[in-house]
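User: Please take a close look at one helix of this model and at the parts of the fold that surround it. I would like a single connected account rather than a list.

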Amino acid sequence: MQAFSLAFTYAIAAAARCTISELRSDVEAVDYTVRQVAGHRRYSSSVVDVQMKCTSQDVLRDDGVHWRLPRGHYDALRNPKSYNRKILVVLLVPDDVTQWLTTTPEHMILAGSAFWTCVEGHEATTGSSKTVVLPRHNNYDVEQLLGILHRIGNGGRP
């Protein structure tokens, strides 16, 4: 699942003409950083740190993906003092691994859908974990990634 989610991520970033920096260890609940060089209003480039999860579990509800984060990861993602903006991305894949990838002479199709959210500034939790909802309208794709980076590049939140 980790390798597939990384391939999914690279495909979206490549189509968005962005670069990815992978971290060797999961520091501050970050798996990789996406960078875009563009002339935004405030910055000449923008970056977003991403915590990536992949699952075949039934976590999609009417309002979005319900994902339980350990308290440490939740606290790192909600920390408003972090230099880089952070998002959580959850990739949903079929149960059957043979359905994850389809290739033809003309196409390579990755099966799955990903959703994202930003919990920066959210309230603290006293429990050992926190369930966050990644809204259905936050489909992690090229258009959404570019929107995230554009908002950050203009000095805003993802």
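**Helix α3 and its surroundings**

Analyst: In this predicted model, the buried residues of α3 are Leu145, Gly147, Ile148, Leu149, Ile152 and Gly153. The helix itself has 12 residues, and from its first C-alpha to its last it reaches 16 Å, close to the 16 Å expected at 1.5 Å a residue. The cover over its buried residues includes one helix, α1, together with the strands β2, β3, β6 and β9.

These elements meet again in the nonpolar interior. The largest nonpolar core has 26 residues, and those with the most contacts inside it are Val34, Val48, Val50, Ile87, Val89, Leu91 and Tyr140. At least two residues of this core come from each of α1 (2-15), β2 (30-37), β3 (45-55), β6 (85-92), β9 (113-117) and α3 (142-153). A second, separate core has 15 residues, including Tyr74, Leu77, Leu92 and Phe115.

Leu91 offers a detailed view of the packing. Leaving aside neighbours within four places in sequence, Leu91 is in contact with Phe4, Ser5, Phe8, Met52, Lys53, Cys54, Thr55, Gly112, Ser113 and Ala114. Three of these partners, Phe4, Ser5 and Phe8, are also among the buried residues of α1, whose others are Thr9, Ile12 and Ala13. Helix α1 has 14 residues and spans 20 Å from its first C-alpha to its last, close to the 20 Å expected at 1.5 Å a residue. After α1 comes Arg17, with a positive phi near 60°.

Phe4 also takes part in an aromatic pair, and a search of the whole structure finds one such pair. The ring centres of Phe4 and Trp100 lie 5.0 Å apart with their planes at 45°; the pair therefore counts as tilted, since this angle falls between the limits of 30 degrees for stacked and 60 for edge-to-face. The pair links distant parts of the chain, with Phe4 in helix α1 and Trp100 in the loop between β6 and β7 (101-103), 96 residues apart. Phe4 has a relative accessible area of 11% and is therefore buried, the cut-off being under 20%. Trp100, at 9%, is likewise buried.

The segment after α3 contains Asn154. With a relative accessible area of 16%, Asn154 is buried, because this value is under 20%. Apart from neighbours within four places in sequence, the contacts of Asn154 are with His40, Arg41 and Arg42.

Arg42 also belongs to the lining of the largest pocket, as does Ile152, one of the other lining residues. The rest of that lining consists of Arg35, Tyr43, Ser45, Ser46, Val47, Tyr83, Asn84, Arg85, Gly155 and Gly156. Ile152 is also listed among the buried residues of α3. The pocket has a volume of about 330 Å³, and β3 gives the most to its lining, with three residues.

Asn84 and Arg85 appear a second time, in the lining of the largest cavity, along with Leu77, Asn79, Ser82, Lys86 and Glu120. This cavity has a volume of about 30 Å³, and the structure holds one cavity of 30 Å³ or more. Leu77, which helps to line the cavity, is also one of the residues of the second core.

Key. Residues numbered from 1 in each chain as written. Predicted model: local features only at pLDDT ≥ 70, side-chain atom pairs only at ≥ 80, totals over all residues. Heavy atoms only, no water. Core = buried A, V, L, I, M, F, W, Y, C linked by side-chain atoms within 4.5 Å. Buried < 20%, exposed > 50% of the residue type's maximum accessible area, 1.4 Å probe, protein only. Helix = DSSP H or I, 4+ residues; strand = E, 2+ residues; numbered from the N terminus. Contact = heavy atoms within 4.5 Å. Expected span 1.5 Å × (residues − 1). Phe/Tyr/Trp six-rings, centres within 6.5 Å; stacked < 30°, edge-to-face > 60°. 1 Å grid on protein atoms, 1.4 Å probe; cavity = no way out; pocket = protein on both sides within 12 Å on 5 of 7 lines; lining within 4 Å. Points joined across faces, edges and corners; volume = space filled by probe spheres on them.
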